[in-house]
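The following exercises concern a single protein chain. Please work through each task before reading its solution.

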Amino acid sequence: MRALPGPVVQRLVSAWAPLARYGGASRGGAAALASAISLLAEPPVALRWGDRAVALSEIAEIVGRGEDEVEQWVRWDLLGKPVEAAEPGGRSLWGAGSIERARLVDWLLDRGVGDDDLSTLRDPRRLPLLAIDHALSDRATLTRANLARRARVDEEFVTRVWRALGLPPGDPGDALYNRRDLEGLRILAAMRAIFSDDQLIEATSVLGLAMSQVAASQVELYRGWLSTQVGDTYGGNLNAVLRNVAMIELMLPTAGQLLEIVHRRHVEAAVRSESVIMVEEAEGGLPGEVDLCVGFADLVGFTAASERMLPMQLGEMAGALVRHAEEALPARGARIVKTIGDAVMFTAPDPASASAAALDLVELAGRDGGLPPLRAGLAYGPVLRRFGDCFGRTVNVASRVCSVAPPGAVLLNCPAPLDDAAWRAAGIVGGASVTLKAKGIEGGLEAVPVVRA
C-alpha cells in the first residue's frame, strides 16, 4: 500500500469503505449486517411463543445469556412484572413483553451500553427510548455555544441554520450537537466567504425540506413492509422497536451512500447544463450539437399537493406519470430522457412528432383520476447530447415554456417554419402564436398552442 501513489490509495479506500463496513469485508461489518438482518427476518416472539408464559431460564436461552445475568435484570426492574408470581418454593413465569424487554437489554449491551447505565433506569418503559436514542444519534456532547465557538460562527447563525434544516436548535444549555454537526457547520462557515448568510439559509432550507421528505418516505416504506411481514396482530410495540433499531442500522449508512451518489449526479448535470448554455452564448454554438425537439411535461399543482400528501403517495403519482409516458411517448418516436420528480423530459426528431407525443401523454394522464392535470412545453433547436442527457439553450427554453403553460395545454417554441405535411399526418394543428414571459429569458418566448386537427 505504501508503494501506491496517494490518489490511488484514496480511490481504493473510498470505493471499498462502504463494502468493508456493510458487505462483510470486515468482521465488524459482517457482524453488524448479520445482526440487523436476523432481527428483521425472524418472526415476532408473540408469534413463536403465543400466550405461553416462560421461566427466566428460557428467557436466558432466548437471548443467549446466563440465567444469573437475566436475574440481575429482574433486580434492576428492567423486565417488568411476571405474569405469574412465584408460589413459595416455585418460580415466576414471564410473558412475551418481558422477553422483548430482555432482547432490548441484550441489544443495548451488545452495542456498548454499560451495566451502570442500565441499573439506573429503574423503569422498563425507558428501555425502548434508550435503544432508539442509541441507534439514531452520535453521542451529543456540544451545546450551541460550544458548537458556535468551535466552528467560529455566532450562536444566531447556528440557530438560523438548524431551523432552516427543520431541526430544533434547543435551549442554549442543551447538549444537542455532535462532531458531525460540527463538521457540517464548519463547511457552511467556510462558504460564507462566497455567499451571504441569507443565501446560505435559503439553500439550507431547500436541503432540509428535501431530506425531511426522503426520511418520511423511508419510514413509510419500512412501515408498509413491516405491516405485510409481521402484521398488526403479533409482536406489539416492543417488538416493533427492536425491528426499528435494526432497520436504522441498515437504512442510515446505506441510504447515505445512495444520497451521495444521487446528489453528485444531479450536481454534475446542473453544472454541465449551465456551462453548456454559457459556452453557447459566448461561441454561438457547440460542435456536436444536433437539432431536436425537447419536451417537458409536469403535473400542475404537484408542489401544493406535496404539502398535504404522504411522500409515498407523491411517489405513486410520479410513478403513474412515468408509466403513462412510457406508454404514450415511444409510440410517436419520442425518447424519454429522464424524470425529474413531477416531470418527465423527452426528445423527438421533429416538432410534429414531439407535439403529437405530448398531446397523447397529456390526454392519457388526464384520464387518470389519481393525477392532477398535466401540461407540456416543447422547444426545437440545437441540443448537445452527452452522458445520456441533453444540454443547451433549447432544453432551458422547453423547461421555461412548460412552467408557464396552462393545465392541459401543449405549447411549442419553434423558430423554424412548421412542416405542414408532417403536422397533417400527425393529426395536429398549431394555434395563434403567443408571447410568454419566462424567468431568465429576456423579451419572453414565442410559442404556439398545439391541438388536435
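The exercises below treat salt bridges, backbone geometry, a surface patch, contacts along the chain and a pocket.

The model is predicted, and local features need pLDDT of at least 70, side-chain atom pairs count only at pLDDT 80 or more, and totals for chains, interfaces and linings use all residues. Residues are numbered from 1 along each chain as its sequence is written, and side-chain values use heavy atoms, with hydrogens and water left out.

**Exercise 1. Determine how many salt bridges the rule yields, and describe the one between Asp106 and Arg65.**

Step 1. A salt bridge is a side-chain nitrogen of Lys or Arg within 4 Å of a carboxyl oxygen of Asp or Glu. Side chains of opposite charge can pair when their charged atoms come close.

Step 2. The count by this rule is 13 salt bridges.

Step 3. Asp106 and Arg65 meet through their side chains in a salt bridge, at 2.6 Å from N to O. This pair links distant parts of the chain, 41 residues apart: Asp106 belongs to helix H6, and Arg65 to the loop between helix H4 (56–63) and H5. Helices (H or I, at least four residues) and strands (E, at least two) are DSSP runs, numbered from the N terminus.

Step 4. Asp106 has a relative accessibility of 15% and counts as buried. Buried means under 20% relative accessible area, exposed over 50%, and partly exposed in between (1.4 Å probe, protein chains only).

Step 5. A network of salt bridges links Arg65, Glu69, Asp106 and Asp110.

**Exercise 2. Contrast the salt bridge of Glu100 and Arg103 with that of Asp198 and Arg160 by their location in the chain.**

Step 1. In the Glu100–Arg103 salt bridge, the closest N and O atoms are 3.0 Å apart. Both residues lie in helix H6, three residues apart, about one turn of the helix. Glu100 and Arg103 are both buried.

Step 2. The side chains of Asp198 and Arg160 also meet in a salt bridge, at 3.0 Å from N to O. Because Asp198 lies in helix H12 and Arg160 in helix H10, the pair ties together parts that are 38 residues apart in sequence.

Step 3. Asp198 is partly exposed at 47% relative accessibility, and Arg160 is partly exposed with a relative accessible area of 31%.

**Exercise 3. Where are Asp77 and Arg152 found, and is each buried, partly exposed or exposed?**

Step 1. Most residues other than glycine have a negative phi, and most peptide bonds are trans.

Step 2. Asp77 is not a glycine, yet its phi is positive, about 60 degrees. The residue sits in the loop between helix H5 (67–75) and helix H6 (96–110) and is partly exposed, with a relative accessible area of 25%.

Step 3. Arg152, likewise not a glycine, has a positive phi of about 60 degrees. Its place is the loop between helix H9 (144–151) and helix H10 (155–164), and at 77% relative accessibility Arg152 counts as exposed.

**Exercise 4. Identify the members of the nonpolar surface patch that includes Ile194, and place Ile194 in the chain.**

Step 1. Patches are made of residues with over 30% relative accessible area and no salt bridge; like charges are joined within 9 Å, and nonpolar side chains (Val, Leu, Ile, Met, Phe, Trp, Tyr) within 5 Å.

Step 2. The patch consists of Ile187, Met191, Ile194 and Phe195, with about 390 Å² of accessible area together. Accessible areas come from the Shrake-Rupley method with a 1.4 Å probe; for residues, only the protein chains shown count as cover.

Step 3. Ile194 lies in the loop between helix H11 (179–191) and helix H12 (197–229) and is exposed, with a relative accessible area of 68%.

**Exercise 5. Give the C-alpha separation of Gly208 and Ala164, and the burial of Gly208.**

Step 1. Gly208 lies in helix H12 and is buried, at a relative accessible area of 9%.

Step 2. The C-alpha atoms of Gly208 and Ala164 are separated by 6.6 Å, although the residues are 44 apart along the chain.

**Exercise 6. Which element supplies the largest share of the lining of the second largest pocket?**

Step 1. On a 1 Å grid over the protein atoms alone, a pocket is an open set of points where a 1.4 Å probe fits, with protein on both sides within 12 Å along at least five of seven lines; lining residues have an atom within 4 Å of a point.

Step 2. Helix H13 (236–283), strand S2 (335–340) and strand S5 (389–391) each supply at least two lining residues. The largest share, five residues, comes from H13.
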